[in-house]
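Q: Please take a close look at one strand of this protein, with its pairing partners and the side chains on its two faces. Begin with how far the model can be trusted, and end with a helix for comparison.

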Amino acid sequence: LSSKISFSLQAVHRICDAHIFVRAPPVSGCRKEERSALITMQVLNRQLLQAAHLPATAYRLQTRPFSTRDAGSRIRHGLQRVTATATVPTWSIIEEKAGRDVLEGYMLRPGQSPGSAPHPALPTQRHVETDKAVVLYRDTNAWCPFCERVWMALLEKKVDFAVVFIHLYNKPDWYKELVPTSLVPALDIRRGAQSRGIVYESLDILKALDEEFPERPLFPSDPALAAEGERLCTLSDQLSKRGYKFLLGREGGFGPGDTDESRVPQFRAEFEDLLKQVDATLEKHSGKGPYFLGDFSYVDTMFMPSLERFAANMPFVRGLPIKGRSDLPHLAAWFEALDARPAYQQVKTDDRTHHLLTQKFFSAPALEPSARVEDAVHRARREAAAKMNANRDIIVRDCTNNSGIFSHAQRGINGNAPQPSQESFAAVDFALRQVANRLITGDVGPKHPDARSRATVAAVVAYWRNRASTPRDMTAAAAEEMRAACDHVLQETY
C-alpha cells in the first residue's frame with residue numbers, strides 16, 4: 001500500500017457517484033514510505049474529478065487528522081467514510097428521479113431576494129420591461145394575506161402576470177413614491193407600452209382586474225348578489241379582527257396591546273358567533289354551490305386568508321378546530337371545495353409555516369408535528385426533492401451559516417476571517433441529500449459515519465424543516481412531505 005494503491009472499479013464508481021473524495025494531506029512532512037501512496041491519492045482525486053465531470057469546487061470529505069498509523073491504514077479509513085456516504089444518492093440521481101415536470105413555473109433568482117420564486121419574477125426596480133399584461137408588486141416571502149387575495153384572483157382569471165418583489169422591512173424609496181400607502185400589494189395593468197396606472201388596496205385591485213379582464217368574472221352581475229357581496233366583505237373584516245383577538249388574547253388583535261387571558265372566553269364566544277354567521281351565509285346559496293355566493297367569486301378570496309390562518313392556528317393555540325366540524329357543515333364544505341381548486345393549491349401555505357409565522361410575529365405557543373399519512377401524494381414528494389435540488393447551492397449556504405453549526409465549523413487560516421470548512425459543507429450537503437432521498441425512495445439511507453458530522457446533520461435538518469416557507473420555496477403539499485422527511489431523518493440520525 002505504501003508504493004501502490006489498487007482500487008476496484010466498484011469503489012471508483014461509488015466515489016464518482018457520491019461526488020465526495022478523500023482529501024489527501026500535503027506530502028511534505030510525511031515519512032518516505034508514505035509519500036508514494038499519498039501522491040497516488042492526490043493524482044487519483046484529480047482523475048476522479050475529471051472522470052465524474054465535476055468542478056474543482058466539488059465537495060470533499062476530509063479524512064481524520066493523521067496519527068502514527070501506517071499510510072495504508074489511513075487511506076483505508078478515508079475509503080470507509082467515502083463508501084458509507086456513497087449510498088446516499090447524489091443530487092443528479094435525485095434530480096432524475098424527481099423529474100422536471102414538478103418545476104413548472106419555478107424560478108431561481110441568484111443574488112436576489114427571494115432567491116427563488118414559484119412564478120415569473122422581475123428585478124426589484126421601478127422601471128421593468130415585460131410582455132406580461134400585469135405586473136404585481138408583492139411581498140418577498142408570500143406571507144401577506146392581501147397579496148394572497150390578488151395572486152389567487154390572477155390565477156383564477158388566468159391573467160398573464162409577472163411579479164416584482166418588495167421587501168416589507170426594506171421598501172425601496174421608488175416604491176414609496178409609486179404607491180401612496182407604501183403597502184403591498186399593488187398592481188400595474190398594462191396595455192402594450194401603456195399603463196393604466198398603479199392600483200393598490202386588494203379589493204380595489206380585484207375590481208380593476210374584472211374591469212380590464214372581463215373573462216372569467218369574479219364579481220357578480222346580478223345587483224342583489226353584488227350588494228350581498230359588499231356586505232360579506234364587511235363580515236370578512238369582522239371575522240379577521242375577532243379571530244385575532246381570540247387567537248392572541250388581546251383587544252387589539254394583531255395590532256399592539258398586552259395579552260389578557262382573562263378575556264379569552266369572551267373573545268372565543270364572539271369569534272364562534274361569527275363562525276356560525278359564516279356557516280349560515282354559506283348555507284344560503286348551498287343549493288347552487290359551496291361558495292359564499294354559490295359560485296366562486298371575489299368574496300371567497302376575501303375570506304380565504306383569515307380562515308386559512310385560523311384553521312392552521314386555532315387547534316393548537318386555543319384548542320378550537322375550524323375545519324371538518326359537524327356543527328359548521330357548510331364551512332367544512334367550503335374548505336373542501338377551496339382546497340380542490342388548482343389556483344388555491346399554488347397560493348396556499350401549509351399549517352406549520354402559518355404557525356411558525358404566528359410564533360415569530362405574535363409569540364404564539366409552539367406547534368407539535370402532526371401525524372403523517374404514509375400514502376401521501378407522490379407528486380408532492382417529488383416536487384419537494386426537485387426544488388431542494390434546484391436551489392441546493394443557496395440552501396447549503398443558508399444552512400451552513402444560520403443553523404447554529406458555524407461556530408463549530410469555522411477555520412481561520414493565516415489570520416483571515418474564519419469560514420465554514422469543507423467538512424461542514426459536505427455534512428450539510430449530506431443532510432439535505434438524506435432528506436431528498438427519503439422523499440424519493442422512502443429511505444433515509446445510512447447514518448453519517450462521523451459522530452461530529454451526525455450532529456451537524458441533526459442541526460441542519462431541524463433548521464431546514466422550519467426554515468422552508470410556503471408557497472415561496474414549494475407548495476404547501478410539498479412542504480408537508482418535506483417536513484415529514486426531516487422528522488424521519490432526525491429519528492434515524494439519533
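A: **Confidence, then strand β7**

The average pLDDT (the predictor's confidence in each residue, from 0 to 100) is 82 for the protein, and 76% of the residues score at least 70. Over residues 1–27 it is below 50, and beyond near neighbours in sequence this stretch has 74 contacts in the model, a contact being heavy atoms within 4.5 Å. Residues 47–71 also stay under 50, with 54 contacts beyond four places in sequence. Where pLDDT is low, predicted coordinates should not be read in detail.

The model is predicted, so local features need a pLDDT of at least 70 and side-chain atom pairs count only at 80 or more, while totals for chains, interfaces and linings use all residues. Residues are numbered from 1 along each chain as its sequence is written, and side-chain values use heavy atoms, with hydrogens and water left out.

The protein has 18 helices and eleven strands; these are DSSP runs numbered from the N terminus, helices being H or I of at least four residues and strands E of at least two. Of its 494 residues, 51% are buried, meaning under 20% relative accessible area, against over 50% for exposed and in between for partly exposed (1.4 Å probe, protein chains only).

Strand β7 covers residues 161–166, and six of its six residues are buried. In a regular strand, side chains alternate between the two faces of the sheet. Here Phe161, Val163 and Phe165 point one way, while Ala162, Val164 and Ile166 point the other way, and all are buried.

β7 pairs with β6 (residues 134–139) in the parallel sense over six bridges; pairing requires at least two DSSP bridges between two strands. Within this pairing, Tyr137 stands opposite Val164, and Asp139 stands opposite Ile166. Between β6 and β7 the chain passes through helix α5 (residues 145–157), forming a right-handed β-α-β crossover. Right-handed here means that, with the strands pointing away from the viewer, the path from the first strand over the helix to the second runs clockwise.

Strand β5 (residues 121–122) is also joined to β7, by two bridges, and runs parallel to it. Val164 is the bridge partner of Leu122 in that pairing.

β6 is itself largely enclosed by the rest of the structure, because six of its six residues are buried. β6 also pairs with strand β8 (residues 186–191), here in the antiparallel sense over four bridges, and Val134 has Ile189 as its bridge partner in β8.

For comparison, helix α18 has 18 residues (476–493) and should span 26 Å at 1.5 Å a residue, which agrees with the 26 Å between its end C-alpha atoms. The expected span is 1.5 Å times one less than the number of residues. Buried residues of α18 include Ala476, Met482, Cys486 and Val489. Among the elements covering the buried residues of α18 are α13 (351–362), α14 (378–390), α16 (422–441) and α17 (451–467).

Across the protein, of the contacts between residues at least 6 apart in sequence, 70% join residues at least 24 apart.
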